[in-house]
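Reader: I've got this one open on my screen and I'd like to walk through it with you. Can we start with the strands and work inward?

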Amino acid sequence: MHRINCFRSVKIALNTITTEPRCSLCAARKIKPSSRFLEFTQRRKFYKYECSHCGLLYADSKAASRGATYFDGHEIRCSQADEVGFDIFTLKMIAIRDGLAIVPVDAAQERALACPHSDVPGHAYTTPLGEFPLASFTLGIMCRESELDRAVSSACDVLHEFAECLIVIDQEESWHQTFELPRGIRALGRPLAQNFAAQRNFIQQNSRSPWVMQLDADETISSLDVRKLRQLATSMQGHGIVSIGIPRENYVEGIRSDLYPDTQYRLNRSHVVFDGAVHERPLRPWQVSTIAIGCNITHHLDSAHVATRSYQYDKISPGLGRVSEREELAEPFVAS
Ligand SMILES: [Zn+2]
């Protein structure tokens, strides 16, 4: 049996919970008091804290500083003896982080996977994600005309992993490109009209692949991560997943921000619709989504943009601009 330290390099004392330590699985600063429990054969076990982002459970305030045994050859299993707990929905994210896909061990686990969060301790067999066929993705990028060169350059770096790339420019629909684009990239004009969801939906509707990954002109992703996501998407289809969140690293003037994982649900089946004029999100129950822990979108920001963007968003949708993000983005990254 392998003993895996699921907390990796994290040495956190949860008795300093008010400082919002990062979750040892997903890294979100979202560990909250919990009333959740898991039903083991012998007894019901309560957990005092949970991560509201990934659902990982912590037995007590010291749990984050200890290791946990849950990986045994080709299985991942939540153990009563361990100080972290998880149902199969969270177990799936542990598997993704480790480059694995899961198969529920029985019908009870199958049902628990479809109805998170369950009180059934997670238990699944695993197979390497690398054994799954590559799903077909469209890359969608929305941008201003002045950002087109940057968008094309980012697309070219990963184009070999996509069936096509569709760039939507904030322009009149009568806009026509007067220059040649690399093979596999097409550009269409559509006015943004201060509605980011509508622009994303235009990309969704015009894609030619079952899955669409959407990036902005100032975001990039590595080919390696796209390949992993293509295998992950194939492995997820049997579980009814239609929306995959990708953690986003923010860099302001090249310095990594503490605002992480800043998960963006940018990989969706093409029928999924976005909602929200700003900070748009796909409209679907969270139960049919998952988080691709281990993959990252990189967001390249300059300080002038950071200074103004939340206020601009707040003007479009009063109260929804997340003005506080400006301060969060300014904080340098701290791992724990
Ligand atoms: Zn978490």
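**Strands, a helix and the core**

Author: Sure. This is a predicted model, and in it four strands make an open sheet with mixed pairing. Their order is E15-E23-E17-E18.

Reader: Which are the edge strands?

Author: Look for strands that pair on one side only. Those are strand E15 (219–221) and strand E18 (255–256).

Reader: What is the bridge partner of valine 252 in E18?

Author: Strand E17 covers residues 248–252 and runs antiparallel to E18, with two bridges joining them. Valine 252 pairs there with isoleucine 255.

Reader: On to helix H2: why do its buried residues line one face?

Author: In H2 (residues 107–114), the buried ones include Gln109, Ala112 and Leu113. Looking down the axis of H2, its buried residues sit within an arc of 100°, so they line one face of the helix. Among the elements covering them are helix H1 (88–97), strand E9 (100–104) and strand E10 (123–128). The value behind that single face is the arc of 100°.

Reader: Which element gives the most to the largest nonpolar core?

Author: That core has 72 residues, and Cys26, Ile141 and Ile167 touch the most other members. It draws at least three residues from each of domain 1 (14–131) and domain 2 (137–303). The top contributor, with seven residues, is H1.

Reader: And how far can I trust the chain; where is the pLDDT below 50?

Author: The mean pLDDT is 88, and 88% of the residues reach 70 or more. The stretch with pLDDT below 50 has 40 contacts in the model beyond near neighbours in sequence. That stretch is residues 1–18.

Conventions: Residues numbered from 1 in each chain as written. Predicted model: local features only at pLDDT ≥ 70, side-chain atom pairs only at ≥ 80, totals over all residues. pLDDT = per-residue confidence, 0-100. Contact = placed C-beta atoms within 7 Å. Pairing = 2+ DSSP bridges. Buried ≥ 20, exposed ≤ 12 C-beta atoms within 10 Å, placed from the backbone. Arc of directions from axis to C-beta. Core = buried A, V, L, I, M, F, W, Y, C linked by C-beta atoms within 7 Å. Domains from an automatic or database assignment.
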